[in-house]
Structure formats: C-alpha cells, structure tokens
Amino acid sequence: NWTPAQIIEDQVARVREQVGERHVLLGLSGGVDSSVVAALLHRALGDQLTCVFVDNGLLRKDEGEQVMETFSRHMGVRVIRVDAEQRFLDKLRGESDPEAKRKIIGNTFIEVFDEEAGKIDNVDFLAQGTIYPDVIESAASKTGKAHVIKSHHNVGGLPETMKLKLVEPLRELFKDEVRRLGVELGLPADMVYRHPFPGPGLGVRILGEIKKEYADILRDADAIFIEELRRSGWYDKTSQAFAVFLPVKSVGVVGDGRRYEWVIALRAVETVDFMTARWAHLPYELLETVSNRIINEMEGVSRVTYDVSSKPPATIEWE
Ligand code: XMP
C-alpha cells in the first residue's frame, strides 16, 4: 500500500541510480503517460533530461501550446518542439486506408524523432511512458494471444532504431496510479485526467484522405464539443469523447442560399476497459447546444450527427 509520494521517491532514487550523470531523451506526446514520465524524470534528473515534442499537425486545438506552457515555461523542462505538420501532410497525401495512414504516421514520427535525437549530443537513455497494461499487451501479442486489430504505435519501434538503453519508470503501474503520481508531481488535473487520445491523433478521426482544411475544421468542432462537455459536467462522466470529420457534403440553408458543407459526427462513450463500450446517453439539451454552436460559429459545417453505436461491433474510433 504505497502512497504516490512514496512511489515517486522510490522511482526518483532508482532512476538516479540507473542514469547517473548521463543524459535521457523522452518523446513527449502530451498524453498522460509521457507527461508523468517527463515530470518524474525532471524531478530526478533536472537538466539531464531532454524532451522532444513532435507536432504532427494532427493534434487537438492548442495542444502544442499547452504542452510547451506546462512543461517548458511552467516546470522548466527542456523541451524541443518540432513543427512537422507539413512533412506529415505530404507523406499522407492521397492515402485513405486507415491502417496505411496509421503506418505512415507512426513511421514518420520515428523518422522525425530519430533526426532530432541525432542532433542532441551524449544521449545514453531513452525514456518511455510504458505502463503495466502495455507490458502485458505486448507480451501477449508476441505469443500471438492478443487480437491486434489496429497497429498501436505506443510501444515498440523506437528502441530498435535508437540503440539506447530504456528508462521506463511507470512499467509496474496501472493507469489510475500513474494519474495519482501526475497530480502529486504537480501536473494540472485536466491534463492528468484527460480522455485517452490515439497515437495517430486526428489522423484516424478524419475519414479517408487527410487534408489540412479537414484537420482545422475538426479541431474547432472538437474543441467546442469538449468545452461543452466540461461546462455541463459530462466530461468526467464519459470515458472518451471527440468529434469526427466526415468528408461528405450535405445541404444547408444560409439566408436565401443553399450551401453544401461538411458533416461532423460526435462520439461519446462510457467504458471501463475500452474493449466494450456503450454510447453515452448525453442530454438532448447538451447535444443541441453543441450542434448549434458548431454550425453557427464555424464555417464549412452544415450538419452535426451523434453516433449511437455500441462496441462491439462498432469500434470507439471511426477508423
Ligand atoms: P477502438 O477504436 O479500437 O479504440 O475501439 C479503443 C481505444 O484505443 C484507442 N486507439 C488507438 N490508440 N493508436 C493508439 O495509440 C491507435 O492507432 C489507436 N486506435 C484506437 C482509441 O482511442 C480507444 O481509446
């Protein structure tokens, strides 16, 4: 029965012993796990830690700014931000297959990360936000037990190409323990208790081919949805909620004219393990507010729909 403070103290000591005076590199994504590793390693190692944050152009609204604000300005962590939006968009152009898009995004991330790592001198260790369920999952997939429907790129890939020793201070912890550590380390609660966000980001929430125009529209619609969920108290009652961009045009009437604009789908689910999920029974008034705001405040969207599919058979993400 350890307290978060004791776990931190213990891990700080272990990391210091493992790393000594040498340097550690961490890929910071803005997600809970890598954020907690960053805060923990910063406490243990200070300037011996360098984080690389790759902006792939498929992040949520203001996400890059928030990461820099929290870690660089607020906590004084050394963070290199790489603006790789154009590079990701170029690689993704013309590709509409979901698994192919995932592979491109994962591989491009590794390329960009490797390049940045190569510019930093004297790196001996690579830190990763691997948590206990990841360890179990990748062990299971090696023995062929896991049914891998989608190629998650959170674990694997990097260590082989980097030839660095691994630092994985969260390896023995469950998600709720990681969150409690994050709070204890001073991370903002809304970062630590954020819904999960897939590695390929908005790349799997823009159906089919990815374009910057689509990503920009989706970011704004998603931000409105999340803002209203938080305002109404529903954010914490749902396990994951987000907007999806549908690349189809639907008719809308604006003044005297008819316009064909894009369609946004809203998805919100309740789940414990993300293997099965029920669509969240959000109040009609809330859905009405979100829909009105998206259609009235944004250009380019004429219609909003709510996804009432459960998993199985529908997955949580649309791709
Ligand atoms: P699905 O859509 O399979 O999602 O019901 C289950 C959970 O996994 C997340 N997800 C991903 N996470 N890379 C990730 O890191 C991916 O490619 C990916 N696909 C789905 C999804 O957001 C949900 O939490």
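Which residue just after H2 takes a positive phi? Keep that question in mind as you open the structure, which is a predicted model, and begin by selecting residues 32-45, the stretch that makes up helix H2.

From its first C-alpha to its last, this helix of 14 residues reaches 20 Å, which is close to the 20 Å expected at 1.5 Å a residue. Colour the helix by burial and you will find that 13 of the 14 residues of H2 are buried, so the helix is largely enclosed by the rest of the structure. Now step just past the end of H2 to Gly46, the residue asked about at the start, where phi is positive at about 55°.

Next, turn to the largest nonpolar core, which has 74 residues, and select Val24, Leu26, Leu41, Cys51 and Ile264, the residues with the most contacts inside it. H2 supplies the largest share of this core, namely nine residues, while domain 1 (4-192) and domain 2 (205-306) each contribute at least three residues to it.

Stay with Ile264 and display the residues around it: leaving aside its neighbours within four places in sequence, Ile264 is in contact with Ala221, Ala243, Phe245, Leu246, Ile294, Val301 and Val304.

For the last stop, select strand S6 (residues 240-254) together with strand S7 (residues 257-270), which pair in the antiparallel sense over 13 bridges. As you look along such a strand, remember that in a regular strand the side chains alternate between the two faces of the sheet. At the turn, S6 and S7 form a hairpin with two residues between them, and Gly255 there has a positive phi of about 60°. Finally, pick out Val254, which stands opposite Gly257 in S7.

Note on methods
Residues are numbered from 1 along each chain as its sequence is written. This is a predicted model: local features need pLDDT of at least 70, side-chain atom pairs count only at pLDDT 80 or more; totals for chains, interfaces and linings use all residues. Two strands pair if DSSP finds at least two bridges between them. Helices (H or I, at least four residues) and strands (E, at least two) are DSSP runs, numbered from the N terminus. The expected span of a helix is 1.5 Å times one less than its number of residues. A residue is buried if 20 or more other C-beta atoms lie within 10 Å of its own, exposed if 12 or fewer, and partly exposed in between; C-beta atoms are placed from the backbone. A nonpolar core is a set of buried Ala, Val, Leu, Ile, Met, Phe, Trp, Tyr and Cys residues joined through C-beta atoms within 7 Å. Domain bounds come from an automatic or database domain assignment. Two residues are in contact if their C-beta atoms, placed from the backbone, lie within 7 Å.
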